[in-house]
Amino acid sequence: MLVDQIPRNSLLWLLFSLLLSVAPHLVHLPIWVVAAGCVVFYWRWKIHQGVWSMPGKLIKLMLVLVCALGVWQGYGSWRGVEPTTGLLIVGMLLKLLEMKSRRDALLVVFLGFFTASAQLLFSQLILDTLYTGVCFWCLLGAQQLLFSEAQLQI
């Protein structure tokens, strides 16, 4: 359905907002999560350009298993703030990769809100709170672009 497709101009804003949300977590994440994030963002951009196709079910299943085991191996456990934040970010990245409709994009925006909020679990400085507010503003802008009236009348 054409109306349910993600508008082309909103994907760039969504990717930028997600980068802002993940940036404070880079010091807490294993390096492979950062590398996987770069690969997913590049893959998503190529899907957006129409060069590559969406991953199949087997590839998605393999990615989920590898990422879950990687988080467990990287932190030694799934318990604690760092591993759960890592799982949240990996889940958001994988959902970004399989995003097809506006509903999927809205879920990615909400995961971005959780990711930006998770920054405050590590530090409650006023600058961190202001940065989280900027992330929220950008994510709200991405959500607005997804569902703006001009885009719905394609």
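A polar contact is a pair of N or O atoms within 3.5 Å, in which, within protein, one atom must be able to donate a hydrogen and the other to accept it. In this predicted model, one such contact, of 3.1 Å, joins the side chains of Gln119 and Thr132. The points below begin with Gln119, then turn to the nonpolar core and to two pockets.

**Gln119 and its surroundings**

- Gln119 is situated in the loop between α5 and α6.
- Gln119 counts as buried because its relative accessibility is 7%, and the limit for a buried residue is under 20%.
- Apart from neighbours within four places in sequence, Gln119 is in contact with Pro24, His25, Asp128, Tyr131 and Thr132. Thr132 is also the partner of Gln119 in the polar contact of 3.1 Å between side chains.

**The largest nonpolar core**

- In soluble globular proteins, nonpolar side chains tend to be buried together.
- The largest nonpolar core here comprises 30 residues, and Leu14, Leu18, Leu96 and Met99 have the most contacts inside it.
- At least two residues of this core come from each of α1 (8-22), α2 (31-49), α3 (57-75), α4 (81-98), α5 (102-118) and α6 (126-146).
- With seven residues, α4 provides the largest share of this core.
- When neighbours within four places in sequence are set aside, the contacts of Met99 are Ile6, Leu11, Leu14, Arg44, Met54, Asp104, Ala105 and Val108.

**The largest pocket**

- The volume of the largest pocket is about 220 Å³.
- Its lining consists of Gln5, Ile6, Pro7, Arg8, Leu11, Arg44, Ile47, His48, Met54, Met99 and Lys100. Met99 thus appears both in this lining and among the core residues with the most contacts.
- Both α1 and α2 contribute at least two residues to the lining of the largest pocket, and the largest share, three residues, belongs to α2.
- By class, six residues of this lining are nonpolar, two are polar and three are charged.

**The second largest pocket**

- The second largest pocket holds about 190 Å³ of space.
- This pocket is lined by 13 residues, of which Leu19, Val22, Gly37, Cys38 and Phe41 are the closest to its centre.
- Two or more residues of the lining come from each of α1, α2 and α4.
- The largest share of the lining of the second largest pocket, five residues, is supplied by α2.
- Twelve residues of this lining are nonpolar and one is polar, while none is charged.

Terms used. Residues are numbered from 1 along each chain as its sequence is written. This is a predicted model: local features need pLDDT of at least 70, side-chain atom pairs count only at pLDDT 80 or more; totals for chains, interfaces and linings use all residues. Side-chain values use heavy atoms; hydrogens and water are left out. A nonpolar core is a set of buried Ala, Val, Leu, Ile, Met, Phe, Trp, Tyr and Cys residues joined through side-chain atoms within 4.5 Å. Buried means under 20% relative accessible area, exposed over 50%, partly exposed in between (1.4 Å probe, protein chains only). Helices (H or I, at least four residues) and strands (E, at least two) are DSSP runs, numbered from the N terminus. Contact means heavy atoms within 4.5 Å. On a 1 Å grid over the protein atoms alone, a cavity is a set of points where a 1.4 Å probe fits but cannot get out, and a pocket is an open set with protein on both sides within 12 Å along at least five of seven lines; lining residues have an atom within 4 Å of a point. Grid points are joined across faces, edges and corners, and a volume is the space filled by probe spheres set on the points. Ala, Val, Leu, Ile, Met, Phe, Trp, Tyr, Cys and Pro count as nonpolar, Asp, Glu, Lys and Arg as charged, and the others, Gly among them, as polar.
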